[in-house]
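User: I'm new to this structure and would like a close look at a single part of it. Could you pick one sheet, go through what packs on it, and then show me how it sits in the rest of the protein?

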Amino acid sequence: MRQVLHPHNQGHPRRKKRNAAPVLGLWLFLLFLAILSGYYFLNSAFYALQQIEVRGNNAVSKETIVEQSGLAPGVNLFKIDTKAVSNKIQMLPSVKKVEVKRRLPSTLLLQITERTPIALVVSPDGFLQIDDEGVYIKKVQDFKDLHLPVVSGVPLENNLGPGSRLSKPGLSAALRLIQMMDKVLKENVTEIIAPSPQTITLKTLQGVEIRFGEPEEMERKVKIIEELLLQNGAIINNQTVEYIDLRYNTAPVIKRKK
């Protein structure tokens, strides 16, 4: 049977297509205007840098940090390369990490994490403050008020500058040892001699030399030191003991004075 098409149904889809074209064009035009407006708004003076906040800094002044960042008032916040700013500030020896955050519309926050010294390394003309990563923070002449363990015997390169990383094996072993010590033990150790990891030696307030040896079984060795010196300090001191040897995987060898 032949199908009969009614005249009023013919051509209807074509009218839909013709009507859709102007609507699509209008939407594209509005989208273009929105993008253009957004671009000019984001690049307008409304987002110009007016204030820099610095938090977390103690050893370094805000003025030094801002100067190191290279930032200047008036620059658009969205044009600031936060990674580049962070890298510049981290060139300061006392700065370990920097988080740069935008605070719209006109503030930039610099969240500073500073390096914390955990030891003083003896150098020919002073003491080098060192953090747990072996980074040289700054040089000091007097260590009495710093209450930090002193590490000696570390071979140093010439012309070391703040920010340098000291990667000597003996120093690395000494730093690991320091981090394992509790506060009381640190206060009783006056010097750590660390020319190499195999020959670490401690000097105590009691005047006793402790031949620590390689940085192995450190927890066991530290526990022995605490028991011998802190709990028996009255009978184990420089008047009664010449040295304590922990270099062997046995009971500690105590060399008594005659």
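Analyst: Here is a walk through one sheet, the helices lying on it, and a few features elsewhere in the chain. Keep in mind that this is a predicted model.

Let's set the scene. The protein has six helices and twelve strands. Of its 258 residues, 36% are buried. Take the contacts between residues at least 6 apart in sequence: 49% of those join residues at least 24 apart. The accessible surface comes to about 16,200 Å², and carbon and sulfur atoms account for 54% of that.

Now the sheet. Three strands make it up, in the order β1-β3-β2, and it is an open sheet with mixed pairing. At the edges are β1 (51–55) and β2 (95–103), each of which pairs on one side only. From one strand to the next, the twist averages 20°. Strands of a sheet pair through backbone hydrogen bonds, and they can do so in a parallel or an antiparallel way. Here β2 and β3 run antiparallel, with eight bridges joining them. If you'd like a spot to find by eye, look for Glu99, which stands opposite Gln111 in β3.

Thr107 is a good residue to zoom in on. It belongs to strand β3, which covers residues 107–114. Is Thr107 buried or exposed? With 12% relative accessibility, Thr107 counts as buried, because the cut-off for buried is under 20%. Setting aside neighbours within four places in sequence, Thr107 touches Leu49, Gln51, Glu53, Leu77, Lys101 and Arg102.

Next come the helices that lie on this sheet. Helix α2 (residues 62–69) lies across β1 and β3, and runs at about 120° to β1. Helix α3 (residues 82–89) lies across β2 and β3, and runs at about 150° to β2.

Let's stay with α2 for a moment. Which of its residues are buried? They include Ile65, Val66 and Ser69. These three cover an arc of only 95° around the axis, so they sit on the same side of α2. The general idea is simple: an α-helix has 3.6 residues a turn, so residues three or four places apart point the same way. On the other side of α2, Glu63 and Glu67 are exposed. As for what the buried residues of α2 pack against, that would be β1, α3 and β3. Just after α2 comes Gly70, with a positive phi of about 80°.

Moving further along the chain, we reach β4, β5 and β6. β4 and β5 form a hairpin with two residues between them, pairing in the antiparallel sense over five bridges. In this pairing, Ala119 stands opposite Ile130 in β5. Ile130 also has a bridge partner in β6, namely Tyr136. β5 and β6 pair in the antiparallel sense too, over three bridges. The hairpin of β5 and β6 has five residues between the strands, and there Gly134 takes a positive phi near 80°. β5 itself is mostly covered, with five of its five residues buried.

These strands also lead us to the charged pairs. Side chains of opposite charge can pair when their charged atoms come close. The count for this protein comes to twelve salt bridges. One of them links Asp125 and Lys139, with the closest N and O atoms 3.0 Å apart. Asp125 is in the loop between β4 (119–123) and β5 (126–130), while Lys139 is in strand β6 (residues 136–140), so the pair ties together parts that are 14 residues apart in sequence. Asp125 is partly exposed at 44% relative accessibility, and Lys139 is partly exposed at 34%.

Two other pairs are worth finding. Arg211 forms a salt bridge with Glu209, where the closest N and O atoms are 2.9 Å apart. Arg211 is partly exposed, with a relative accessible area of 25%, and Glu209 is partly exposed at 23% relative accessibility. Then there's Asp245, which forms a salt bridge with Arg247, the closest N and O atoms being 2.6 Å apart. Here Asp245 counts as buried at 4% relative accessibility, whereas Arg247 is partly exposed at 41%. Salt bridges can also share partners, and in this way Lys96, Arg115, Asp131, Asp132, Glu133 and Arg165 are joined into one network.

Conventions. Residues are numbered from 1 along each chain as its sequence is written. This is a predicted model: local features need pLDDT of at least 70, side-chain atom pairs count only at pLDDT 80 or more; totals for chains, interfaces and linings use all residues. Side-chain values use heavy atoms; hydrogens and water are left out. Helices (H or I, at least four residues) and strands (E, at least two) are DSSP runs, numbered from the N terminus. Buried means under 20% relative accessible area, exposed over 50%, partly exposed in between (1.4 Å probe, protein chains only). Contact means heavy atoms within 4.5 Å. Two strands pair if DSSP finds at least two bridges between them. Axes are lines fitted to C-alpha atoms, for helices over the stretch in contact, and angles run from 0 to 180 degrees between N-to-C directions. The arc is that of the directions from the helix axis to the C-beta atoms. Accessible areas come from the Shrake-Rupley method with a 1.4 Å probe; for residues, only the protein chains shown count as cover. A salt bridge is a side-chain nitrogen of Lys or Arg within 4 Å of a carboxyl oxygen of Asp or Glu.
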